[in-house]
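Hi everyone, thanks for coming. Let me put the model up, and then we'll walk through a few spots together.

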Amino acid sequence: MAGKNQKRNQKASHLVRLLALTSIILISTQAHAQKLSYRFSGKPLSDVLEKVGKDNRVKIAFDAQLADRQSVAGYFRGSSINELLSQIVSSTPYEITRIGNVFVLHPKAATVEQPVLPLAASPIETPKYRIWGTVSDLASGEHLPYAQIYTDNGKFSTTANADGSFNLTLPTAETVNLCISYLGFVKQCIEVTPRTRPEQLTVTLDRASIKLGAITVTEKQNYLVQIPTVAGQSTLNPKAAADVPTVNPLDFTAPLQMLPGIDATTESAVGLNIRKSPFDQTQVLFDGFTIYHLNHFLGQLSAFNTNAIKDIQIFKGGFDARYGGAASSIIEITGKSGNRYKPTFSVGADLLALDAMVNTPLGKKWSLVFTARRSYTDAYQTKLYDDLFDKLRSDLAATSLNNIASFNEKYTPSYYYYDLHSKITYTPDSTQNLSLSIYSGSDQMSLLSSKPKAYLNETSDIQNSGIGIKWSKDLNGKSYMRASIGYSQYHLNFDHLNTGKAPKTDTETTRQNKLTNQIKNVTAKFEYERRLTPSTTLIAGVAITGLQNSYKFTNYRKILANTEIDTSRLKSTKGGIATTYFLLNISKGRLKNLTPGFRLNYFTPTAKPYFEPRISAAYEIIPNIYAKAAVGRYLQFINRVPITFLGEYNSYWSISDKSHPIVSSNHYIAGFTFDITPNLQVDLEGYHKNTTGMAYIALFPTLIKDKIRYQEKMINGSNKINGIDLFVKYLFPQGQVTMGYTLSEVYFHTDNLKVDSDFPSGLDQTHEFKLFASRKISRFTLSSAWIFGSGKPWDNPTFYNNMKPVAEYQRNSERLPTYHRLDISASYVQPIGKTKLSVTGSIFNVYNRTNQTKRTYTLSNTPKKDVDQGKSPIVYSDIYGFGITPAVYVNLTF
């Protein structure tokens, strides 16, 4: 069976590789656009324009008295409304100009003949006409990163950088309709005249309205996600995160999980597995520094407050050479830089914590944003708090030596968490930006329960912090410089002690797990960007990273005077990475992007260089249909190693060395994006990943003098992942509907096991489907999300009398039941003078589905005796997700 699965896996991976490579080499085809056609027989121009405008739902402004004097006759055909109208008025003394969404009829401008150069004249270099500027939020003055800028005919386009700056080069000085699009804002087009030496253009967008020049369009939009024509990339709107039903509206991981390829059936921020890779292979960047711990409350809540977030970029794979240190994916979070015009404040509360935000200018060139959140669960516990800890009880029940019911009735730990973010931004002028960003988060838990013959004591201390300084400078729109230095730290100290005594003999049984893990990361980076030609940009950078890591863990278990396991591991490592990277970004006409590049790393623990070549491309096959592909190698030098521990405390971070190899992953992605209408988009991507260097520590029972002993063994292997992600998005003025579907398979291969060397990974899940819808009705926003997932694997070992697995044993051969749930939410916004009150209520798992999320096992206290008697020595524990769980959040903004 493993051989058949391996062959099927190889065929699928070869197909995805072939599609990706073929798309990179030749990503084109031919097709004909749909034509607009009309025939008129001497009709007045005013009647013609009125009919064309009505038929195509466009606004055409004209002087009726003047238009009545002209008659139109003939057959007119065009591939766009612009082309059609130009043909209709071509024989008249008028021309059509588009201003925003309105077509204006006006007299033709006088034509000036250009002088003819003598044949002997030297060739004159064609001047480069540019539009250079920044895109910012009208209400706060914050720059909007990664805004889309393009001409309305689609021939020329660019993307703003992380600081909202853009530079678009055009071949002529003709006035163009320039369109600016940013998620959460209304797209708008304006007339701009390119120049050889342009002044910097400042474009301001408002969330409720866009004001550009003389045009104002008002329309409320709060859409969830944008899918650009870049393989593997998505943009999440933090403002729309609260519209996705979740336990906490400030949590950005719930809307992330509405995207295909991001696991939504784990019910945990820890389980933010992207395209079936372990969550530690996703690098989370926050204002330039790495965050190693993503969650609060044992994985149930995100450690980030969306009030502090301006932009979230998700790269599910195939990302370019600017990013490194992640074998699977990147989540890049840009924090708000602060309101430059007026101070705003907010306070909020839910059933677990209180939060506050300050967003204010500090003079004309300085601004500050500060957010803080702190749980009150150490002083008061709500029903939601008890529900969240049901999972903890399940983990303890799965590993405890005693019946959980024997402990105290309340059996609730003392626990609290907090996080805070502060960012100060200095903007000396419109071309320069300097910011200091600080993040800190902590989780503290203690659990003590004591009975005459049962004792349990567990404590954990998690500290997560970072600080980053970023500087950027725009050099006249042609060149751009960025520099940053970031420091981040993660610390975990966990101690679990569980003892009990047999009812008759008072023989003591003991289990103790200790884990201490620490990481320190300092990274300095400099990047230079240069526009080489109107269609080609060079980006080059260098980075130096210093790493310090230590871990220590103890695993001890004694049952009925038999010490089953007594092991300890201790290690402290330092290392450094020196990196240089180069990439070209080519965009011209239908070629929306071609991005070849590479990273060259030198890793001090191995004293070896490592090369990461990458390339991605996107091409407009026919209008509104884009083919895209990406191929590349991705290395990760610090990884989490799974161990057999409790709950969330089941892995440790370790710098790669001889015992912990460097993780290397080859990505192959191919797909297309189809913009069926401006409001309906379909995105499809197939992907294959082959990841080597993966490792985990497993326990193997052995029989020594009729007594069970566990041996720890490091298992090294590789993952092969094949998948297809389908995403459909439909937008309408007061709402949205999205659908995500993933078809995938994941197999793990190792040479360390004598039985069944190829088996389904624990993350393998054939099908996952998500459906999300939201609708605004007056001051209310109603939302719902339905999630379905096929069963994940679980292990069902069978042993011989010597406690060795039987020959026909296949690891992870069983499947959990299918998973599905429905979540709903409703929010209400009420202005009260200058204050805005918002209330959000949500219900998680509305129809109270019993979803089994995991099945773990341990051996009984007498495994050898059980096998001799023909019984299974396995004791299973089933862990379930949340039942029906209501939550409320209240916020005041003023």
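Let's start on the outside: L362, W366, I424, L434, L436, I438, I467, I469, I485 and V522 make a nonpolar surface patch of about 750 Å². A patch here joins residues with over 30% relative accessible area and no salt bridge, like charges within 9 Å and nonpolar side chains (Val, Leu, Ile, Met, Phe, Trp, Tyr) within 5 Å. A salt bridge is a Lys or Arg side-chain nitrogen within 4 Å of a carboxyl oxygen of Asp or Glu. Areas come from the Shrake-Rupley method with a 1.4 Å probe, and for residues only the protein chains shown count as cover.

Before going on, a word on the source: this is a predicted model, where local features need pLDDT of at least 70 and side-chain atom pairs count only at pLDDT 80 or more, while totals for chains, interfaces and linings use all residues. Residues are numbered from 1 along each chain as its sequence is written, and side-chain values use heavy atoms, with hydrogens and water left out.

Which strand gives the most to the nonpolar patch? That's β27, with three residues. Both β27 (432-451) and β28 (454-475) supply at least two residues each. Strands are DSSP runs of E, at least two residues, and helices are runs of H or I, at least four, numbered from the N terminus. L434 is in β27, and its 35% relative accessibility makes L434 partly exposed. For us, buried is under 20% relative accessible area, exposed is over 50%, and partly exposed lies in between (1.4 Å probe, protein chains only).

Now to a helix pair. Helix α2 (residues 45-56) packs against helix α4 (residues 81-89) at about 170°, with the axes 12 Å apart. Axes are lines fitted to C-alpha atoms over the stretch in contact, with angles from 0 to 180 degrees between N-to-C directions. So α2 is roughly antiparallel to α4, the word for angles over 145 degrees. L45, V48, L49, V52 and N56 of α2 meet I81, L84, L85, I88 and V89 of α4, contact being heavy atoms within 4.5 Å.

Next, two loop residues. D287, between β17 (282-286) and β18 (289-291), has a positive phi near 50° without being glycine. Is D287 buried or exposed? It is buried, at 3% relative accessible area. A607, between β33 (591-603) and β34 (608-622), has a positive phi near 55°, but A607 is partly exposed at 46%.

Finally, the whole protein: seven helices and 51 strands, with 54% of the 894 residues buried.

How values were computed: Parallel < 35°, antiparallel > 145°, perpendicular 65-115°, else oblique.
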